[in-house]
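Reader: I would like a close look at one part of this model, a strand pair joined by a turn, and then a careful account of how that part sits within its chain and beside the other chain. Please take the local detail before the overall picture.

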Amino acid sequence: MVVFKKYFFLFLSLFALACTQKGGVRVMPIDDFFKSQNRIGYRVSPDARNLSYLKLEGKNQNLYVEDIETGKGKKITQLKEKSIIFYFWVSKDELIYYKETDPALRLSDIFIINKDGKNERQLTNNEKSRIKVLDDQLMDDKYLLVSSNKRDSTVFDVYRLNVRNGEMQMAAKNPGNITDWTTDSEGKLRLATSSDGVNETLLYRESENDAFKPIVTNNFKNTLRPIAFAKNKLNVIYAISNVNRDKGALVELDCKTGKEIKVLFGDETINITDAQYSRRKQKMSFVVYETWKKEKHYLDDSVKLIYNNLDKLLPKTETRIIDRDKAETVFIVRTFTDRNPGSYYLYFSETGKIRKLSDFNSAINEDEMCEMKPVSYVSRDGMKIEGYLTLPLKMKAENLPVVVLPHDGPVARDIWGYNPEVQFLANRGYAVFQVNYRGSTGYGKAFMAAGFKEWGCKIQHDINDGVKWLISKKIADPKRIGIYGTGFGGYIALNGLYSENKTYACGASNSAVINLFTYLKSIPPFLKPKLQMYYEVIGNPLTDVDKMRQSSPLFQVDRIEKPLFIAQNTKDPNINAGETIQFVKNLQKRNISVTYLENDGDPFYSKNDEGRQKLYTALESFLEVNLKKK
Amino acid sequence: MSSEKKSGYRKNFPLILTFIILMLVLFMLSLLLAYRFSTKYIENQFVSEKVNVLEQSIRPYNDFFQKKLPEVSYYNGYLDSATASNFVDTVLLEYPFVSKVIFYDSEVKNTPVTDGLNIGKFSFGPKSIYQFGSLVPMDSVKLFSSDNTRNFIAGDDFNALALKLVSYIESLDTTRLPSQDELFSNFSNVRSNKITYLNIPRIEDLKMYKTMMRKSLNPQPIYQQDMLSFQLDPYKIKIINSRPLLYQYIKIEPLTYDPLETSSLYVTTEITLPGPFSDFKLYFISSKSFIDKEILSYFLPIALGVLLFYSILVLVAFLIYRNLNINQKMFKLQYDFMNNLTHEFKTPVSVIKIAGNNIKSASSLTERELKLYGKILDEEADKLNGLMNKLLAFTQIENKAIQLNSEKININDFIESTVESHRLKHPDFDFTFDVNGFKTFVTDPVLLGSLFDNLAENAYKYSPQERKRLHISARLIKGRVVFRFADQGIGIPSSEINNIFKKFFRIQNQYNQNGSVGLGLAFCKELVNFMSGEITVKSKVDKGTEFKIVLPYND
């Protein structure tokens with residue numbers, strides 16, 4: 001019996017060993033990284049009495065309203081699957097939600113519903129057009145300002161939507177190129193942005209009876225984003241602008257002349273990307289500027305107080321206020337760090353107390369996640385490139401297998417925070433390297449413009465230089481570096497396999513752009529004004545043919561030698577599935593090892609757990625074979 | 001002889017003969033069959049291998065069709081004359097069977113076109129047409145443009161494929177994804193010596209085309225489409241003769257080609273080319289003698305194999321026969337040995353028996369008689385003992401069951417004593433010796449003595465009465481001791497000289513009618529081997545024999 005016990009414990013300890021990776025890190029199930037909690041989309045009603053959220057039960061997601069004081073919740077919609085893509089309170093008793101009808105074309109129907117689930121009405125029933133709410137305040141207790149392309153699929157007009165009977169009245173007809181509308185504090189439509197693709201024009205009128213007049217025109221490379229109309233100052237708006245400077249700043253703009261009056265906050269060292277305006281106080285609350293993470297500069301001491309109080313209550317975590325009531329007494333707060341997707345809290349500013357609502361993903365244990373460190377290096381042409389490096393837990397930062405994870409694009413960036421893909425790869429023992437290559441947003445105009453038409457050239461060099469930097473730091477094992485990405489990230493990954501051939505041992509892509517010509521073709525008709533811009537960012541298919549062909553993996557099959565992993569969803573409207581199949585075929589004909597994974601479920605992985613599971617399982621074994629076992 | 005028959009002796013000769021004849025027949029038969037097979041095989045190959053030739057020769061075309069053609073789609077309609085020209089250059093270079101390419105830079109729109117196709121609100125027509133090819137002069141590259149519309153031919157490839165496109169869009173089911181093959185076949189047109197290909201637009205665009213058939217869109221969309229028409233020259237296909245020894249000539253000929261003059265001296269076969277070349281065929285022709293060569297070259301290795309097989313078979317049969325023969329001889333030797341041995345034992349035993357009987361039956365024995373019988377009994381017992389010792393020693397030596405005793409001996413004294421003992425036994429034995437180069441010698445005296453006794457005994461035994469002489473010479477040559485025993489006896493016939501050291505071997509002659517076992521020399525050889533030496537023999541019949549023993553010298 002004693003002997004048996006001994007063996008039993010031996011067996012147990014062996015079993016325990018088998019379940020852990022070297023260094024004692026638990027291999028977490030793939031799903032755990034990506035799980036989103038069953039309650040999301042918290043909002044607070046304008047009267048601060050109710051709380052609403054979307055709750056997932058089984059496969060179905062529905063809208064719930066909860067009494068803040070009593071904590072009693074009630075399901076108010078009866079929908080199948082995850083079909084609510086957006087919702088908000090329009091009054092203290094009513095909510096509006098968007099029910100998706102065609103995910104591929106981003107079409108949806110709009111419904112209004114009472115907070116007790118009664119009196120549900122469909123406001124629109126136009127399957128062919130997209131509709132967008134411009135202002136979530138009801139005017140005269142029944143009108144909602146929306147923009148819709150129902151008249152012409154290429155332009156958005158503004159309508160007054162009667163939420164009582166669903167009637168739509170045109171508020172402003174789009175002459176054909178207005179892409180955005182802004183309302184003043186009374187909900188009056190007084191500012192519009194028009195675009196011819198390359199140039200953006202701000203149009204202004206003093207009252208709704210006047211005609212819009214163009215006041216200032218900017219190239220798309222410049223940002224001039226109206227935030228709000230200034231209080232007590234006629235014809236003055238607050239805006240984020242980087243006109244005549246490299247980085248964004250908060251400015252006051254005279255709408256009569258289109259001239260900048262003064263810089264309220266900002267200088268050439270920080271890039272302001274966002275600002276918060278309080279409607280109740282009619283005052284700017286804070287501006288958001290980006291360094292390696294988003295940071296706030298408070299312009300209102302009471303706001304600063306709230307955030308400082310939150311920092312005290314929730315230490316060592318980032319906090320964001322997601323929603324608030326009209327009186328700004330009850331706030332919904334979301335926390336997060338790089339190692340934790342965070343939680344939702346309710347904050348009562350009057351009592352200074354918080355109440356936890358739910359965790360975003362309860363499967364995540366902060367101690368098992370890896371730290372995402374900001375890094376920077378200098379590229380071969382002397383440009384400072386920033387990125388993030390996530391090292392696997394309990395492993396020496398020496399000679400590690402590395403997965404380079406370039407972000408999607410064309411104009412985007414990696415941000416600091418919890419990233420399930422990064423944590424998944426780090427948990428599997430890879431160092432994950434993310435690069436905000438030139439052309440990424442958040443680093444100023446010049447940095448973004450530096451990436452224009454550099455696909456497959458300098459953008460690729462930036463990433464390869466980063467890898468060289470990692471090798472020189474002895475962190476990366478030069479023989480075990482792989483590259484994986486989605487969309488344009490996948491494009492960079494595939495390009496990496498032939499641009500400077502020896503860098504990567506293998507490459508993986510998901511829904512990758514493999515042909516820049518096809519990418520340009522995929523810009524839908526109603527985005528036609530943007531085509532010119534894309535020509536400038538990606539390349540002009542008529543004048544830059546050779547360059548585009550050189551930097552499109554589809555044309556460069558003969559130069560690829562390393563093993564590949566290619567995944568795509570045949571229903572993804574952004575890619576041409578046939579082309580990818582042709583690409584795989586051409587590679588196979590050359591006897592290149594290609595792992596091809598086809599998915600025909602919902603192209604959005606948040607709605608397709610099975611597809612996501614398949615993708616990451618396949619990716620894991622691909623990397624295992626081609627990186628770890630080398 | 002009769003006793004041999006009873007014991008089961010069979011004559012082998014007819015069996016051997018039958019075996020050889022059967023083997024020969026089988027051998028010839030297999031060769032014949034092999035030749036027949038080779039002929040059939042090569043004839044079949046001639047017919048079947050053409051598929052491989054076709055496959056290999058047409059591979060560049062398949063490559064072009066499956067890999068290069070879809071490349072037009074990669075450009076998504078963005079091809080212009082310069083890019084198209086570059087593209088065509090690579091095609092012309094890589095695929096010599098493409099002779100000319102016509103490029104239709106065209107548009108799909110809602111406004112009717114004068115040249116092209118208008119169906120409902122849908123219009124599809126070329127903006128400009130270019131032709132590229134190595135033989136196209138520079139000034140006629142551009143065939144058609146908005147201000148020069150003369151060269152548009154209504155019945156040409158453009159309209160044919162445009163019609164195909166329109167009917168496809170008309171019947172397009174927008175609710176499901178069309179398969180790649182379906183798209184490919186609807187966007188390409190394969191005709192005799194010509195392939196027309198239109199870039200395949202995205203599914204979203206196809207849906208838009210379908211809408212455009214029914215209504216005019218606002219603003220009017222213009223979609224770019226590139227159509228390329230490749231003119232192919234089948235005669236430029238590079239024939240890859242994968243079996244140059246099978247097919248003497250391979251030609252590309254029109255499908256109807258069927259020459260009259262193909263006489264019985266030639267073998268021909270043909271296979272039709274696929275796709276746009278289907279009006280042509282590969283025509284294979286070889287002369288009979290050419291084919292025969294191939295048959296022979298196929299047959300020879302098989303014949304060699306058969307030959308090898310039969311050689312091995314015959315060799316094995318021969319070896320079995322030889323072994324059986326040897327075994328039979330061995331059996332006979334052992335039989336003889338038993339005979340001799342019994343005989344050897346029988347003589348002293350019968351003498352002892354007689355002496356015993358005499359003593360038993362005599363009432364009294366005189367002093368002389370007693371001495372005589374005593375001597376006889378003693379001598380015969382010695383003989384028996386000697387015989388048994390010899391047999392025992394031999395088996396011991398053969399099985400390496402005894403230890404070598406090393407002792408320093410004076411060679412002169414040693415030979416002297418041997419000579420003395422033999423002279424005593426045979427007073428008529430002329431026994432001499434000489435020693436040169438050394439005096440002492442380390443060896444086993446018992447074994448050496450045994451060796452000397454055996455050889456001396458043999459010399460005496462196999463010498464005629466008047467020539468019973470033996471001379472032993474002992475010399476030190478190159479650090480080795482060499483003993484030579486030279487007699488003038490009857491000698492050994494050269495045919496037997498290789499057998500004398502074998503066990504139980506005896507030469508049948510008058511000298512060993514009795515008293516020989518055939519063990520002596522075999523024993524000597526075993527002894528010498530045991531002492532790490534060598535024994536050799538030289539002999540001439542009726543002149544004498546000389547045994548030479550070489551032993552290692554260690555002083």
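Author: Two strands are said to pair if DSSP finds at least two bridges between them. The model is a predicted one, and the part chosen for the close look is the pairing of strand 5 (residues 188-191) of chain B with strand 6 (residues 194-198) of chain B, which run antiparallel and are joined by 4 bridges. One of the residues in this pairing is S188(B), whose bridge partner in strand 6 of chain B is Y197(B). The two strands form a hairpin with 2 residues between them, and N193(B) is found in the loop that links strand 5 to strand 6 of chain B. The backbone of N193(B) deserves attention, since its phi is near 60°, a positive value in a residue other than glycine.

A second hairpin, in chain A, can be set beside this one. Strand 17 of chain A pairs with strand 18 (residues 236-241) of chain A in the antiparallel sense, over 5 bridges, and within that pairing L224(A) stands opposite S241(A) of strand 18. Here the hairpin has 6 residues between its strands, and N232(A), which belongs to the turn, has a positive phi of about 60°. Strand 17 (residues 224-229) of chain A is mostly covered, with 5 of its 6 residues buried.

One further residue with a positive phi is A48(A), which is not a glycine and has a value of about 65°. A48(A) lies in the loop between strand 1 (39-44) and strand 2 (50-57) of chain A. Because buried means under 20% relative accessible area, A48(A), at 18% relative accessibility, counts as buried.

From these local features the account can turn to the chain that holds the first hairpin. The secondary structure of chain B comes to 13 helices and 17 strands. The radius of gyration of chain B is 53 Å, well over the 24 Å that the globule rule gives for 555 residues, so chain B is more spread out than a compact globule. Taken along the principal axes, the box filled by the C-alpha atoms of chain B is roughly 160 × 60 × 50 Å. Of the 555 residues in chain B, 41% are buried, and the accessible surface of chain B comes to about 31,300 Å², with 58% of that area belonging to carbon and sulfur atoms. Among contacts in chain B between residues at least 6 apart in sequence, those that join residues at least 24 apart make up 71%. Chain B carries 64 positive and 58 negative side chains, and the centres of these two sets lie 6 Å apart.

Chain A can be described in the same order. Chain A has 12 helices and 35 strands, and its radius of gyration of 26 Å agrees with the value near 25 Å that a compact globule of 630 residues would have. The C-alpha atoms of chain A fill a box of roughly 80 × 75 × 45 Å along the principal axes. Buried residues account for 55% of the 630 residues of chain A, while its accessible surface is about 27,900 Å², 50% of it from carbon and sulfur atoms. For contacts in chain A with a separation of 6 or more, residues 24 or more positions apart account for 51%. The side chains of chain A include 95 positive and 79 negative ones, and the centres of the two sets lie 3 Å apart.

How values were computed:
Residues are numbered from 1 along each chain as its sequence is written. Chains are lettered from A and ligands numbered from 1 in the order in which they are written. This is a predicted model: local features need pLDDT of at least 70, side-chain atom pairs count only at pLDDT 80 or more; totals for chains, interfaces and linings use all residues. Side-chain values use heavy atoms; hydrogens and water are left out. The radius of gyration is taken over C-alpha atoms; the globule rule is 2.2 Å times the number of residues to the power 0.38. Buried means under 20% relative accessible area, exposed over 50%, partly exposed in between (1.4 Å probe, protein chains only). Contact means heavy atoms within 4.5 Å. Accessible areas come from the Shrake-Rupley method with a 1.4 Å probe; for residues, only the protein chains shown count as cover. Lys and Arg count as positive and Asp and Glu as negative; His and the chain ends are not counted. The place of a charge is taken as NZ of Lys, CZ of Arg, CG of Asp or CD of Glu.
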